[in-house]
Amino acid sequence: CARAEPFHTITPLLESWALSQVAGMTVFLKYENVQPAGSFKIQGIGHFCQEMAKKGCRHLVCSSGGNAGIAAAYAARKLGIPATIVLPEGTSPQVVRRLQGEGAEVQLTGKVWDEASLKAQELAKRDGWVNVPPFDHPLIWEGHASLVRELKAALGTPPGALVLAVGGGGLLAGVSAGLAEVGWQHVPIIAVETQGAHCFNAAIKAGRLVTLPDITSVAKSLGAKTVAARALACTQELEIISEVVEDVQAVSAVQQFLDDERMLVEPACGAALAVIYSGLLERLQAEGRLSPSLASVVVIVCGGNSVDSGGLQALKAQLGQS
Ligand SMILES: COC[C@H](NCc1c(COP(=O)(O)O)cnc(C)c1O)C(=O)O
């Protein structure tokens, strides 16, 4: 049976002395990397799966870059429902191992998430099976919105800006819903992608949804070729500043964050942290796109399971970093 309380925990919101020094203002970090299932995903995915269980779902299937799949497998185990997770062939062994550890069946197919998604939709045609969308569904956004309620409870007053990473746009859509719910619509969102996984930025520039030819960024967890329509629609309702960082900046931010806060996160999360570490925040202020007198900024540390110390060293070598 479905449980009443949510599967996610209320994560710490901590002021980071190190990042505040770099930014020249107070930087609060929302540690979604310590959620069960290793990323913020469990907020929206957990909510979706609980709702589906209430409707009698008998088998969950999820296509994912990795983290949504782990969140779906975790929720399925908690709900006592079998799960099948479909991932791109290049998925890291540690993610496959973790999924199997959660008791899920793993299917590897296709080069990128979009191809795994087609296979999951095929499987979901079976009787009693439900496809868990990794980012493009109102229930996912409703679940992620609880993150903003937690920010309001912890901060009281609104931060000067919110920084988050964009893959398919589910986190952005959920945070946007949360901001509207708590009356913080005026808080600007800095929505960050890596070059080569920049489907949201491309859609904004084109004024319509755009499908990238391929995902060439190392931040594979941001690897959706087309952003959710809802995410693009949010740009009409809120102040959303879309920025694209290089893989080198995202990976360098992962290393700096590891040294500063002793936590290891994926390059997808490094993209958000790069807003601070690369000086992008100050550039936005200098360009007048952000108020020069921001009191504070919140960075959503989205986490991610597809990283370990060896993988980080390999990425740094691949990108020519010391
Ligand atoms: C292809 O992958 C989409 C999705 N990852 C999405 C993701 C994001 C971006 O969230 P989104 O914008 O997709 O809601 C940020 N940070 C991390 C650590 C993520 O894993 C997945 O795991 O299936």
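What volume does the largest pocket have? About 510 Å³. That value, like everything below, comes from a predicted model.

## The largest pocket

Let's stay with the pocket for a moment. Its lining is made up of 24 residues, and those nearest the centre are Gly 90, Ser 92, Val 218, Lys 220 and Ser 306. Two elements give two or more residues to this lining: helix 12 (267-277) and helix 14 (309-318). Helix 14 is the top contributor, with three residues.

As for chemistry, the lining of the largest pocket splits into 11 nonpolar, nine polar and four charged residues.

## Where the ligand sits

Now for the ligand, which sits in the largest cavity. Helix 3 (67-79) and helix 8 (170-182) are the elements that give two or more residues to the shell around the ligand.

That shell counts 23 residues, with Ser 64, Gly 65, Gly 167, Gly 168 and Gly 169 as the closest. Sorted by type, the shell around the ligand holds 10 nonpolar residues, 12 polar ones and just one charged.

## Backbone contacts to the ligand

Several contacts here run through the backbone. A polar backbone atom of Gly 167 is 2.7 Å from an oxygen atom of the ligand. Next along, Gly 168 places a backbone N or O atom 2.8 Å from a ligand oxygen. Leu 171 joins in too, with a polar backbone atom 2.8 Å from an oxygen atom of the ligand.

And how much of the ligand does the protein bury? On its own the ligand exposes 520 Å², and the protein buries 100% of that.

Key: Residues numbered from 1 in each chain as written. Predicted model: local features only at pLDDT ≥ 70, side-chain atom pairs only at ≥ 80, totals over all residues. Heavy atoms only, no water. Near = heavy atom within 4 Å. Polar contact = N/O pair within 3.5 Å; in protein donor to acceptor, adjacent residues only side chain to side chain. Areas by Shrake-Rupley, 256 points an atom, 1.4 Å probe, with all protein chains shown as cover. 1 Å grid on protein atoms, 1.4 Å probe; cavity = no way out; pocket = protein on both sides within 12 Å on 5 of 7 lines; lining within 4 Å. Sits in = over half its atoms within 2 Å of the grid points. Helix = DSSP H or I, 4+ residues; strand = E, 2+ residues; numbered from the N terminus. Nonpolar A, V, L, I, M, F, W, Y, C, P; charged D, E, K, R; others polar. Points joined across faces, edges and corners; volume = space filled by probe spheres on them.
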